[in-house]
Protein chains: 2
Amino acid sequence: MPIIESLLDDDFYKFTMGQVVFSHYRDVPVKFAFRNRTKGIKLADVIQEKDLQKELDYVRTLRFSKSEIHYLRGTDEYGDRMFGESYLQFLSELELPPYILRKVDDNYELEFSGKWSEAMYWEIHALAIINELYFRGLMNQLSQFENDAVYAQGTLRLAEKIKILRQHPDITFSDFGTRRRFSRDWQDYVVKILKQELPEMQFLGTSNTYLAMKYAMLPMGTAAHEMDMGVSGVMHENEDAIRASHNKVLQDWWQQYGEGLSIALTDTYGTDFFFQDMTYEQACNWIGLRQDSGDPFEFVDKTRTFYKGHGLDPQKKLIVFSDGLDIETIVKLADYCRDRIKYTFGWGTNLTNDLGFRALSLIVKLMESNGHGTVKLSDNLAKALGTLEDVEHFKQIFGYTRTTYKEVRY
Amino acid sequence: MPIIESLLDDDFYKFTMGQVVFSHYRDVPVKFAFRNRTKGIKLADVIQEKDLQKELDYVRTLRFSKSEIHYLRGTDEYGDRMFGESYLQFLSELELPPYILRKVDDNYELEFSGKWSEAMYWEIHALAIINELYFRGLMNQLSQFENDAVYAQGTLRLAEKIKILRQHPDITFSDFGTRRRFSRDWQDYVVKILKQELPEMQFLGTSNTYLAMKYAMLPMGTAAHEMDMGVSGVMHENEDAIRASHNKVLQDWWQQYGEGLSIALTDTYGTDFFFQDMTYEQACNWIGLRQDSGDPFEFVDKTRTFYKGHGLDPQKKLIVFSDGLDIETIVKLADYCRDRIKYTFGWGTNLTNDLGFRALSLIVKLMESNGHGTVKLSDNLAKALGTLEDVEHFKQIFGYTRTTYKEVRY
């Protein structure tokens with residue numbers, strides 16, 4: 001059975017971003033590239049090139065089915081008929097563009113070029129495929145019983161998470177683990193069990209659109225760094241234009257979705273710049289922020305200072321934490337946020353890939369947009385992306401002074 | 001699906017004893033009774049009487065199939081054609097006698113009366129059924145995921161056992177866990193996995209005849225207290241006869257099976273008496289002894305003293321330990337026995353019922369033989385059986401002076 005069997009087996013934010021890209025930046029040429037940032041792991045030692053090829057080829061044969069389009073059309077949790085007919089029509093005809101796969105030094109290089117509105121749908125599928133092939137390879141090296149023991153470990157670790165979550169009913173969270181999942185079936189199992197074992201008010205939903213549909217849960221997701229990075233290539237005439245591209249994304253987003261999806265990702269060019277750039281009106285209107293790099297406790301303090309500086313009550317604003325979470329960090333952050341700010345968690349790798357193996361840190365990121373190299377700085381330079389030259393240039397444009405460098409766990 | 005689906009799903013010693021009983025004591029009237037010796041557990045709180053009835057009734061409909069008889073006929077590991085044709089003919093026509101079931105104070109009383117040669121086949125089936133219904137009842141009170149977590153716990157505990165056994169390749173053992181198994185399927189899984197994961201020289205076989213057949217392993221077992229107890233009712237004319245009945249069993253056994261199955265169970269009337277009663281010739285001929293109660297380390301010392309007293313080398317004799325084993329005890333005993341005596345382990349409850357629940361201590365024991373109350377003294381008076389009066393009488397007959405009383409774990 002192929003790993004990806006439905007184009008809905010994708011993070012919901014691909015569709016929320018997808019519609020904005022389709023409306024404003026449809027034909028912008030882009031290049032996405034895969035990168036394995038896990039030290040010491042050579043993927044080609046475990047994954048056969050032909051297996052990878054076969055899975056990627058299969059994704060290109062997939063189309064959105066009528067029922068899948070119906071599901072998206074019916075999505076009204078963030079605003080009535082949030083997906084317009086022209087975008088849905090576009091999706092129903094979508095075929096993913098070709099990929100380029102190379103084996104280099106026992107690792108894989110993988111590129112997806114094309115129109116932004118089409119190439120963007122490779123990211124999650126490629127990551128899910130490589131993850132699953134890798135862990136399948138590791139499992140194949142074990143005996144049948146050792147396989148059973150891996151799942152047993154995963155089950156007991158999930159049971160431990162559920163136990164702790166029950167002791168903290170104030171903690172709400174969503175599954176953000178599609179891209180890093182141990183396997184499709186394991187993510188499916190985790191989501192099914194969390195839905196059965198925890199109240200709906202605590203396990204809010206999943207970023208996986210297919211699983212949200214299957215288990216009648218809330219599909220979760222807003223925007224990724226990709227939005228900022230892509231638009232920086234479009235508005236690239238000069239440094240002011242690049243700087244202005246950041247707020248353009250916020251404006252595009254608000255215009256498309258209004259309050260329903262108004263959670264802003266703050267760290268593309270560093271959260272310090274974000275707080276300078278977000279206007280008073282935006283600060284008032286937007287529900288909250290997503291924290292995806294750097295020290296999350298410091299982020300809480302800075303966010304409170306930001307809102308209070310605008311005369312706004314931080315306790316009415318929400319932070320979505322999504323950076324390398326585990327249950328201990330979640331509990332500590334919830335304790336810290338209580339009486340300070342509203343909080344919820346987008347729990348990825350450690351939720352869907354915690355069976356005893358070391359998880360991989362794989363990414364597929366936008367590298368070029370409209371002929372220009374793209375940059376992500378983030379609040380942790382270990383997560384920065386772009387050529388050295390471009391990164392230094394963007395630091396200067398966005399007044400980035402942070403020097404934090406903390407190795408990424410996953 | 002019924003719990004017992006084959007009359008071979010029984011401990012092998014039922015057949016080895018069964019043939020001796022068939023040859024010598026076929027029509028002796030006996031009564032077996034079930035007893036729950038687990039403190040604080042009321043079985044009727046968990047097991048419905050009608051479910052228990054249904055399972056027991058189903059066992060009465062079972063007959064040995066041709067293939068099952070072929071399997072027994074072909075068993076030659078302990079001596080060529082160890083099962084004679086008249087016994088096999090008897091088995092092929094066997095129908096288990098009626099049972100009497102009563103609910104008393106939220107527990108069940110269960111009796112099996114009839115000819116010894118027929119009633120004896122109830123013991124293991126009744127125990128396996130009550131165990132499985134009980135744990136099924138507990139599992140039904142849990143959610144689907146909590147059920148998964150129980151099996152996960154069982155899998156990891158089995159993995160831990162295997163890990164430790166691999167570190168101690170000198171430790172050989174067999175599965176003796178049919179009567180106390182969590183479920184039929186779980187015992188099947190445990191045996192299958194142990195066979196896959198451990199060398200044949202380490203995991204020697206299983207007492208479960210059906211699983212031995214299914215997995216092409218050695219069926220394991222010799223004799224139980226039942227032999228001594230049953231024959232004591234037959235030789236009951238006076239105290240000398242009762243005392244002599246103990247050696248009569250050793251003689252019957254040797255006559256039937258010779259060296260192949262010459263492992264003697266020592267504790268029916270206390271191991272001290274056993275060592276007085278076993279003759280020099282028997283000590284020479286018999287392969288070894290089974291230790292089933294009391295302090296196993298002390299047993300090693302006493303056994304060595306016994307053999308050395310007869311001028312025999314203890315390092316050529318074997319002890320089969322079978323009393324309430326867990327992996328820690330097994331490792332300690334192996335360490336103690338090394339360079340002292342040969343050793344192997346018959347591992348029951350903790351092997352086939354270690355998934356996080358407290359195991360039950362259930363027994364089905366011979367209560368009456370030939371119209372007389374039967375007695376087991378054992379090396380731990382917590383395991384003694386019989387009326388108070390009969391126990392005191394037998395203590396006197398067998399010169400039993402031990403006062404050890406240690407609560408039985410399972």
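Salt bridges come to 68 over all chains, counting a side-chain nitrogen of Lys or Arg within 4 Å of a carboxyl oxygen of Asp or Glu. The interface of chain B and chain A has zero of them by that rule. This is a predicted model, where local features need pLDDT of at least 70 and side-chain atom pairs count only at pLDDT 80 or more, while totals for chains, interfaces and linings use all residues. Residues are numbered from 1 along each chain as its sequence is written, chains are lettered from A and ligands numbered from 1 in the order in which they are written, and side-chain values use heavy atoms, with hydrogens and water left out.

**Salt bridges in chain A**

- Lys115(A) and Asp27(A) pair up through their side chains at 3.6 Å, N to O.
- That pair links distant parts of the chain, 88 residues apart: Lys115(A) belongs to strand S3 (residues 107–115), and Asp27(A) sits in the loop between helix H1 (12–24) and strand S1 (29–36). Helices (H or I, at least four residues) and strands (E, at least two) are DSSP runs, numbered from the N terminus.
- Lys115(A) is partly exposed at 39% relative accessible area, and Asp27(A) is exposed at 52%. For these labels, buried is under 20% relative accessible area, exposed is over 50%, and partly exposed is in between (1.4 Å probe, protein chains only).
- Asp185(A) and Arg184(A) also form a salt bridge, at 3.9 Å, N to O. Here Asp185(A) is exposed at 52%, whereas Arg184(A) is buried at 17%.

**Charges in chain B**

- Lys248(B) and Asp252(B) meet in a salt bridge at 2.9 Å, N to O.
- Both are in helix H11 (residues 239–257) of chain B, and because they are four residues apart, about one helical turn separates them.
- Lys248(B) is partly exposed at 25% relative accessibility, while Asp252(B) is buried at 3%.
- What is the nearest side chain of opposite charge to Lys376(B)? It's Asp292(B), 4.8 Å away, and Lys376(B) is buried yet has no salt bridge. In this count Lys and Arg are positive, Asp and Glu negative, and His and the chain ends are left out.
- Lys376(B) lies in the loop between strand S12 (372–373) and helix H17 (388–397) of chain B. Beyond neighbours within four places in sequence, its contacts (heavy atoms within 4.5 Å) include His225(B), Met229(B), Thr268(B) and Lys383(B).

**A buried tryptophan in chain A**

- Trp286(A) is in the loop between helix H13 (280–285) and strand S8 (288–291) of chain A, and at 2% relative accessibility it counts as buried.
- Not counting residues up to four places away in sequence, Trp286(A) touches Trp253(A), Trp254(A), Met278(A) and Lys317(A), among others.
- The C-alpha atoms of Trp286(A) and Gly258(A) are 8.4 Å apart, with their positions 28 residues apart along the chain.

**The interface of chain B and chain A**

- On the contact count, 19 residues of chain B meet 19 residues of chain A.
- The two chains bury about 1,400 Å² between them, 62% of it on carbon and sulfur atoms; buried area is the accessible area (1.4 Å probe) that two parts lose on being put together, summed over both.
- Six residue pairs, both at pLDDT 80 or more, are in polar contact between the chains. That takes a pair of N or O atoms within 3.5 Å; within protein, one must be able to donate a hydrogen and the other to accept it, and residues adjacent in sequence count only if both atoms are side-chain atoms.
- On the side of chain B that touches chain A, helix H7 (144–167) and helix H8 (184–197) each supply at least two residues, and H7(B) gives the most, with 13.
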